[in-house]
Amino acid sequence: MSEMSQTSPSDPSPSVAGDPLAEREFAHLDRRLRDDVRLLGHLLGRVIGAARGTAFVARIEAIRALAKSARAGDAADWARLSETLADIPAADMVDVARAFNQFLNLANIAEQHHLTREDHDRAVPLSLPDDPRLRETLDSLDIELVLTAHPTEVLRRTLIQKYDAIAATLAERDRASGATRAGIEVVLERLIAEAWHTDEIRQERPTPQDEARWGFAVIENSLWHALPAVLRELDLALASRGHPPLAPAAAPIRFATWMGGDRDGNPRVTATVTREVLMLARWMAADLYLQDVEVLRAALSMSHCNDELARATGGAHEPYRELLRTVRDRLARTRDWAAGLDPAPPADRESIFLETAELQAPLMLCYRSLVGCGMANIANGPLLDTLRRVAAFGITLVRLDVRQDAARHVAVFEELTTYLGFTRGGAGYASWPEEERCRFLLAELAGRRPLFPLDWPASDEVREVLDTCRVIAANDGAGIAQYVISMATSPSDVLAVILLLRECGLSRALPVVPLFETLSDLDGAADTIDALLALPWYREHVDGYQQVMIGYSDSAKDAGQLAAAWAQYRAQERLVEVTQRHGVRLALFHGRGGAVGRGGGPAQAAIASQPPGSVAGSLRVTEQGEMIRWKLGLPSLAQQTLRRYLGATLEATLNPPPAPRAAWRERISEMATSALTAYRAVVRDDPDFVELFRTLTPEQELGILALGSRPARRKANGGIASLRAIPWVFAWTQVRLMLPAWLGTDAALREAREHDQAALLAEMAAWPFFSMQINMLEMVLAKADAKLAAYYAERLVDAPRQAAVARLGERLATLSEDLLAITGAPHLLAGDPELAESLTVRNTYLDPLHLLQAELLARRRHDDHAREAVEQALQVTMAGIASGLRNTG
């Protein structure tokens with residue numbers, strides 16, 4: 001293609017030949033989405049042409065055309081595409097990668113915008129179960145979304161803001177026409193130019209504080225607006241059924257975060273960092289409430305009030321404004337105090353807001369007065385929205401989880417008992433049997449003496465654990481949601497943390513939550529909780545409420561997706577039985593990732609697939625990495641997500657799915673056993689597997705992509721076991737083998753078919769748990785590409801390992817056949833043609849990135865020439881592939 005089109009982007013039928021970056025065939029996509037993708041691609045072509053010239057754009061179009069024909073099955077074009085990319089000079093590699101990367105990001109924006117447009121067009125009211133217990137259930141409903149900083153969000157915050165602006169401009173374009181629309185397209189082109197001329201790759205790894213600020217920005221720009229909007233929808237839905245609205249202080253949905261609190265394997269998250277993040281959150285909360293209060297002061301100019309407000313304001317002429325003036329001034333002082341990052345309250349403690357109830361009280365006084373004086377319609381305006389924000393976000397903006405590995409707590413008591421001479425047979429705490437540990441911990445918990453000597457020369461690692469506990473104890477745990485214990489295996493893991501927190505000054509009973517995340521830990525979870533609840537001291541301490549976290553990521557890496565999923569299901573069933581037997585309410589915390597290999601999947605299907613009785617009006621779940629942006633990044637998207645969580649949690653509570661039939665349980669248990677054996681035969685037992693993983697995938701190079709503050713490995717020189725689940729999934733996704741999501745499952749399905757169980761498996765699709773496994777597997781197989789994986793192998797590994805990759809590719813193909821035999825579908829994604837078409841479009845832009853990445857990996861590993869340019873281009877390909885496939889980690 002020799003020149004760019006001069007057609008105006010506002011022309012309804014621009015010249016096809018002039019749209020070098022716009023895909024032409026979208027048979028199953030909505031016309032408006034198709035037009036948006038074409039427009040954005042056209043404008044990107046103009047921007048790149050202005051920056052690099054038409055010859056460069058022609059090269060990009062030639063690569064795209066080759067990729068399209070190669071994807072259609074032309075082997076010669078596949079070879080030409082490979083040769084073309086291998087011949088790209090070092091000076092052009094980065095911008096070639098950036099061109100395809102940018103198109104994929106723009107396609108994501110168009111799809112994201114289209115989802116909100118469709119939702120608006122349908123105007124479907126919030127779906128609530130038809131059940132007489134609905135209102136009662138809502139009053140105690142407890143949904144908490146936990147934002148985590150897991151490093152799968154590859155985009156810089158700067159670019160995310162520009163992409164959000166593009167999405168907002170697309171929405172504005174929908175409402176415009178004629179000359180106005182043409183002007184908006186000029187703005188779109190400028191925004192795309194800003195994105196093109198901005199480096200999309202972080203040059204420095206973000207600090208934990210940076211990650212926390214990113215999370216706070218999601219609250220400020222999206223959740224702050226979405227939450228009250230959804231609760232208003234809920235009020236309308238209740239009214240339509242004859243129910244009263246939610247109370248002003250109701251908080252059926254709340255938010256927490258791990259950003260700045262998750263120190264498991266991340267030495268950069270220190271006690272100092274956690275203290276700073278807690279104060280930064282208070283600063284943001286005060287600033288946002290200040291903006292709300294200024295709006296309220298402008299609106300509440302009326303003079304009529306009840307006696308309570310009149311007394312509080314000394315008979316002021318405008319009592320609402322007068323009361324809100326004092327609130328405003330106190331918020332301003334709170335913001336100034338928080339800016340100092342010192343949690344110690346000022347000498348005049350009453351001059352700031354330390355507790356949520358202190359802010360809630362004057363706002364509720366205004367609300368009661370307005371309602372009592374016949375102005376309920378005014379009370380239920382912006383004031384109600386602010387009250388609901390206070391209930392959900394509190395004075396601390398978001399509640400922080402602190403997470404630490406159980407071994408770090410054992411190390412504290414090992415040093416302490418050794419120093420104090422509290423040994424058993426000459427051995428310290430770490431060597432004691434579980435019964436002895438529990439006996440020691442319970443004795444200390446029941447006593448009153450201080451345990452830590454003032455002159456104890458604790459090691460730096462132990463001192464850090466104690467300093468963290470002291471940060472939590474400051475202001476008696478205000479702003480802290482819970483303490484999560486990674487790799488928990490026994491009752492003493494929980495008792496140890498409770499004792500540490502008490503010894504460091506915490507007086508309230510902060511939830512201490514064991515996280516069960518390996519296969520063996522999941523299998524033993526119910527026994528651990530049973531043993532804890534059998535302890536009278538502990539039963540009294542938890543006061544009828546037990547929270548447990550289920551780990552999806554590490555269990556899937558440990559056992560494979562299917563075996564892990566069934567272990568998680570069984571663990572929840574047994575936990576429900578144990579807590580019911582003890583008369584204790586159970587709250588499950590689901591540590592799900594974005595990718596299927598880490599427990600990801602649509603929220604509604606995931607909630608519906610839980611065992612009966614396991615939701616019971618309470619749901620706590622992580623929202624991780626790039627999924628925060630896709631699901632919560634814009635107010636319209638966040639409203640969709642919150643609606644789904646509300647509806648699905650209520651449905652699972654009031655109408656839980658039936659327990660699986662005995663034949664289904666037997667079949668899935670046999671499949672899980674087969675899957676586990678097959679998975680570990682490759683991942684654990686094959687002596688060459690680790691080297692294959694490291695040479696085939698960009699796992700070694702992920703370190704140059706400054707994704708997050710946390711190291712990729714728990715131990716620098718460890719094997720697969722020490723590798724975190726996120727880079728494990730991320731690396732396999734980059735080469736399109738998607739191995740963590742299907743390895744082992746293939747053997748289980750093959751065995752079931754060989755034993756003539758296809759009919760039984762088809763019947764099991766009525767079981768929400770099994771249906772979700774099958775649906776997610778189908779999506780993974782649609783994204784997997786054995787041909788691309790083989791290309792990586794050809795460029796990067798020796799002949800024996802190429803043969804190993806070929807065998808994995810054959811297993812993928814067999815798995816697809818077996819899955820279709822069970823579902824009866826003619827091809828993958830037959831029931832979701834829009835997703836199938838979207839993947840087809842994306843592959844045209846993904847294929848060049850994959851081939852270029854393989855070329856760059858080969859150059860980086862074997863040739864130091866132009867290393868800086870190679871690494872920069874490699875970073876762009878990793879970011880582009882992650883964006884194109886979306887749920888990569």
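1. Gly884, at 2% relative accessibility, counts as buried, and in this predicted model the residue is found in helix H35, which covers residues 867–885. Leaving out residues up to four places away in sequence, Gly884 touches Leu104, Arg842 and Leu846. The C-alpha atom of Gly884 is separated by 35 Å from that of Val548, a residue 336 places away along the chain.

2. Leu227 offers another buried helical position, with a relative accessibility of 1%, and its place is in helix H8, residues 208–239. Once the neighbours within four places in sequence are set aside, Leu227 is in contact with Ile253, Phe255, Arg388, Ala392, Phe393 and Leu642. Between the C-alpha atoms of Leu227 and Ala473, which lie 246 residues apart along the chain, the separation is 30 Å.

3. Ala681 also belongs to a helix, namely H25 with residues 662–683, but here the relative accessible area is 37%, so that Ala681 is described as partly exposed. From C-alpha to C-alpha, Ala681 and Gly744 are 9.0 Å apart in space, with their positions 63 residues apart in sequence.

4. Helix H31 deserves a paragraph of its own. For its 16 residues, 768–783, a rise of 1.5 Å a residue leads one to expect a span of 22 Å, and the end C-alpha atoms are 23 Å apart, which agrees. Because 12 of these 16 residues are buried, H31 is largely enclosed by the rest of the structure. The buried residues are Phe769, Phe770, Met772, Gln773, Ile774, Met776, Leu777, Glu778, Met779, Val780, Leu781 and Lys783. A reader inspecting the helix may wish to note that Gln773, Glu778 and Lys783 are among them.

5. Two loop residues call for a check of the backbone. Most residues other than glycine have a negative phi. Asn475, however, has a phi near 55 degrees, a positive value in a residue that is not glycine, and Asn475 is placed in the loop between helix H16 (460–473) and strand E4 (480–486). With a relative accessible area of 29%, Asn475 is partly exposed.

6. Met738 likewise has a positive phi, of about 50 degrees, although it is not a glycine. Its place is in the loop that runs between helix H27 (725–734) and helix H28 (739–742). At 8% relative accessibility Met738 counts as buried, whereas Asn475 is partly exposed.

7. Turning to the protein as a whole, there are 35 helices and 8 strands. The C-alpha trace spans about 80 × 75 × 55 Å along its principal axes. Is the radius of gyration of the 889 residues what a compact globule would have, or what does it suggest instead? A compact globule with 889 residues would have a radius of gyration near 29 Å, and the protein has 29 Å, so the two agree.

8. Burial and contacts can be read alongside that result. Buried residues make up 60% of the 889 residues, and of the contacts between residues at least 6 apart in sequence, 82% join residues at least 24 apart. The accessible surface comes to about 32700 Å², and carbon and sulfur atoms account for 52% of that surface.

9. As for charge, the protein has 97 positive and 117 negative charges, and the mean positions of these two sets are 2 Å apart.

Note on methods:
Residues numbered from 1 in each chain as written. Predicted model: local features only at pLDDT ≥ 70, side-chain atom pairs only at ≥ 80, totals over all residues. Heavy atoms only, no water. Helix = DSSP H or I, 4+ residues; strand = E, 2+ residues; numbered from the N terminus. Rg over C-alpha atoms; globule rule 2.2 N^0.38 Å. Buried < 20%, exposed > 50% of the residue type's maximum accessible area, 1.4 Å probe, protein only. Contact = heavy atoms within 4.5 Å. Areas by Shrake-Rupley, 256 points an atom, 1.4 Å probe, with all protein chains shown as cover. Lys, Arg positive; Asp, Glu negative; His and termini not counted. Charge placed at Lys NZ, Arg CZ, Asp CG, Glu CD. Expected span 1.5 Å × (residues − 1).
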